[in-house]
Each structure stands twice: as structure tokens, then as C-alpha cells.
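Open the model in your viewer and keep the sequence panel visible. The tour moves from one selection to the next and says what is found at each stop.

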Amino acid sequence: MREIQTINACRLLSGNPVMILTTSLHERYNAMPLSWAMPCSQEPPCIAISLTPSQHTYHVLRETGEFVLNIPNRRMLNRVHALGKATGRHRDKLSELMWPTRFGRFVRAPYLTDCLAHIECQVQSHQTVGDRRLFVAQVMVACADAEAFDTHWTEQADTLHYLGGNEYLCQGKILYATDQTEDLKREAGGGLDLFLRPIEDLN
Ligand SMILES: Cc1cc2nc3c(=O)[nH]c(=O)nc-3n(C[C@H](O)[C@H](O)[C@H](O)COP(=O)(O)O)c2cc1C
């Protein structure tokens with residue numbers, strides 16, 4: 001993983017990969033998958049994301065204005081999907097899935113150490129658009145896996161692209177996420193009990 005020029009950070013969004021938005025509030029971490037995002041300024045580099053106000057992440061962002069966008073790969077498919085089916089309002093989804101985190105340089109939100117890339121962002125403004133809230137955030141620093149991204153994604157990049165339901169596209173092939181406990185356990189390295197309980201469906 002190496003730091004990339006912030007001006008290239010917007011290219012991490014090319015092809016619209018699924019991202020995991022991580023936050024921290026009062027030292028409690030949270031994460032949600034996100035696919036409604038786009039670059040909206042090159043200088044300074046800015047990214048717009050669209051959030052549903054009922055989500056816990058929305059309330060955290062209103063309070064802290066800081067987040068990290070992490071770009072997962074194919075290996076993380078089932079965990080990404082599971083993060084989208086439960087709220088972090090009363091539970092710590094990341095530690096229950098045993099997802100390794102670390103703090104970055106600029107924002108007080110953790111990043112996921114094993115993702116293909118992460119972008120530290122600071123909210124500049126937000127406004128209501130229909131039933132959503134659109135947050136515009138400035139890129140503070142960005143890092144990417146050197147094999148998967150040079151100044152753009154390479155053929156090695158196995159990013160996920162959300163199609164809807166439990167379907168994702170990865171390198172031209174459709175993958176189906178599962179919430180079967182055994183698959184989640186295998187991905188997370190065993191030992192988790194979160195998804196032994198039924199996952200509440202928010203959407
Ligand atoms: C692949 C995927 C992409 C998603 N993209 C978005 C999105 O762009 N905006 C949004 O508001 N919700 C999106 N969601 C739904 C949230 O991730 C979901 O409601 C999540 O449980 C919210 O978690 P929280 O309550 O802990 O913040 C997506 C879900 C999935 C599975």
C-alpha cells in the first residue's frame with residue numbers, strides 16, 4: 001500500500017467500485033457499504049456521496065464530518081454484503097466481523113487495512129436531494145495497493161460493482177453474496193458470532 005497523489009484519488013472511483021465507508025464517533029467505529037458516490041472536483045479533489053438519513057452513518061457524519069472510503073476486493077464479498085444488512089447503531093459490526101482497522105493521518109475514522117485502497121475525507125458541505133442527503137467531501141490523503149492501482153486501476157484489481165439484491169460484478173463475472181454463517185466465518189477467519197443471529201434487513 002502506498003500513498004498516491006490526491007489528484008489521482010478521484011480515479012479510484014472510476015468504474016464505480018463498491019466502497020466501505022468507515023466512521024468513528026466517541027471511539028466507536030462503524031462501517032457501511034456505499035455505491036452511490038462520484039468525483040465532483042479535481043482541484044481540490046472532492047467526492048460526493050449520497051446517504052439515506054435513517055442510517056447510523058448519516059448521523060455520525062452530521063456530527064463528525066469525517067470518514068474513510070475503503071475499496072474492498074472479491075475476497076471480501078460476503079462481509080461487504082453483511083455490513084449492508086445490519087446497522088451499527090447498537091453493535092460493532094467491524095469487530096464482530098474481525099475486520100482489521102488502523103488510524104490514518106488526517107481524519108478520526110479508521111481505515112480497513114486489507115482493502116485495495118482507502119481515501120480519507122473531510123465533509124465540506126451537505127444538502128438534501130429528494131429522500132437522500134448529498135455530502136461533498138474533500139480528499140485529504142489516499143493510499144492504494146501498488147499492483148492494483150498505479151495512476152488508474154490495473155487488470156489485477158478485483159473490485160466489486162453492485163448490481164442490486166445480492167448480485168455483484170467482478171472482473172466481468174457476476175458473483176452472488178451469501179449470508180450463510182459458514183461462508184462469513186471462513187472470510188472473517190472464524191470465531192465470529194454476529195451472523196449466527198438473524199441479520200436485520202434495513203432496506
Ligand atoms: C453494496 C451496497 C451498496 C450500498 N450503497 C449505499 C449507498 O450508496 N447509499 C446508502 O445510503 N446506502 C447504501 N447501502 C445501504 C447501507 O449500506 C445499509 O443501509 C447499511 O446497513 C447502513 O449501515 P449503518 O446503519 O450502520 O450506517 C448499500 C448497501 C449495499 C449492500
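Helices (H or I, at least four residues) and strands (E, at least two) are DSSP runs, numbered from the N terminus. Gln180 sits in the loop between β13 and α5 (181-188). The model is a predicted one, in which local features need pLDDT of at least 70 and side-chain atom pairs count only at pLDDT 80 or more, while totals for chains, interfaces and linings use all residues. Residue numbers start from 1 along each chain as its sequence is written.

**Stop 1: Gln180**

Select Gln180. A residue is buried if 20 or more other C-beta atoms lie within 10 Å of its own, exposed if 12 or fewer, and partly exposed in between, with C-beta atoms placed from the backbone. Gln180 counts as exposed because it has 11 C-beta neighbours inside 10 Å. Now add Ala82: Gln180 and Ala82 are 98 residues apart in sequence, and their C-alpha atoms are 10.0 Å apart in space.

**Stop 2: the strands β2, β3 and β6**

Select residues 19-25, which form β2. Five of the seven residues of this strand are buried. Next add residues 28-34, strand β3; β2 and β3 pair in the antiparallel sense over seven bridges. Two strands pair if DSSP finds at least two bridges between them. Met19 has Leu34 of β3 as its bridge partner. The hairpin of β2 and β3 has two residues between the strands, and His26 there takes a positive phi near 50°.

Then add residues 66-71, strand β6, which runs antiparallel to β2 and is joined to it by three bridges. Val68 in β6 stands opposite Thr22.

**Stop 3: the helix α2**

Select residues 56-64, helix α2. Which residues of α2 are buried? They are His56, Thr57, Val60 and Leu61. These residues are on the same side of α2, because they cover an arc of only 130° around the axis (the arc is that of the directions from the helix axis to the C-beta atoms). An α-helix has 3.6 residues a turn, so residues three or four places apart point the same way. The buried residues of α2 are covered by elements including β2, β3, β5, β6, β9 (117-129) and β10. After α2 comes Gly65, with a positive phi near 65°.

**Stop 4: the ligand**

Select the ligand and show what surrounds it. A residue is near a molecule or strand if its C-beta atom, placed from the backbone, lies within 6 Å of it. The ligand is surrounded by 22 residues, and the closest are Trp36, Thr57, Gly84, Thr87 and Gly88. Colour the shell by residue type: nine are nonpolar, 12 polar and one charged. Here Ala, Val, Leu, Ile, Met, Phe, Trp, Tyr, Cys and Pro count as nonpolar, Asp, Glu, Lys and Arg as charged, and the others, Gly among them, as polar. β3, β5 (46-51) and α2 each supply at least two residues of the shell, and β3 gives the most, with four.

**Stop 5: the nonpolar core**

A nonpolar core is a set of buried Ala, Val, Leu, Ile, Met, Phe, Trp, Tyr and Cys residues joined through C-beta atoms within 7 Å. The largest has 54 residues, and those with the most contacts inside it are Ala117, Ile119, Cys121, Ala142 and Ala144. Strand β10 (residues 132-144) gives the most to this core, with six residues.

Select Cys121. Two residues are in contact if their C-beta atoms, placed from the backbone, lie within 7 Å. Beyond its neighbours within four places in sequence, Cys121 has contacts that include Ile47, Phe67, Val107 and Met140.

**Stop 6: Thr159**

Select Thr159, in the loop between β10 and β11 (161-164). Is Thr159 buried or exposed? Thr159 counts as buried because it has 25 C-beta neighbours inside 10 Å. Not counting residues up to four places away in sequence, Thr159 touches Gly15, Pro17, Ile71, Asn73, Leu116 and Trp153.

**Stop 7: backbone details in loops**

Select Glu43 and Pro44, which are joined by a cis peptide bond with omega of about 0°. Pro44 lies in the loop between β4 (37-41) and β5.

Last, select Asn16, in the loop between α1 (6-9) and β2. Asn16 is not a glycine, yet has a positive phi of about 55°.
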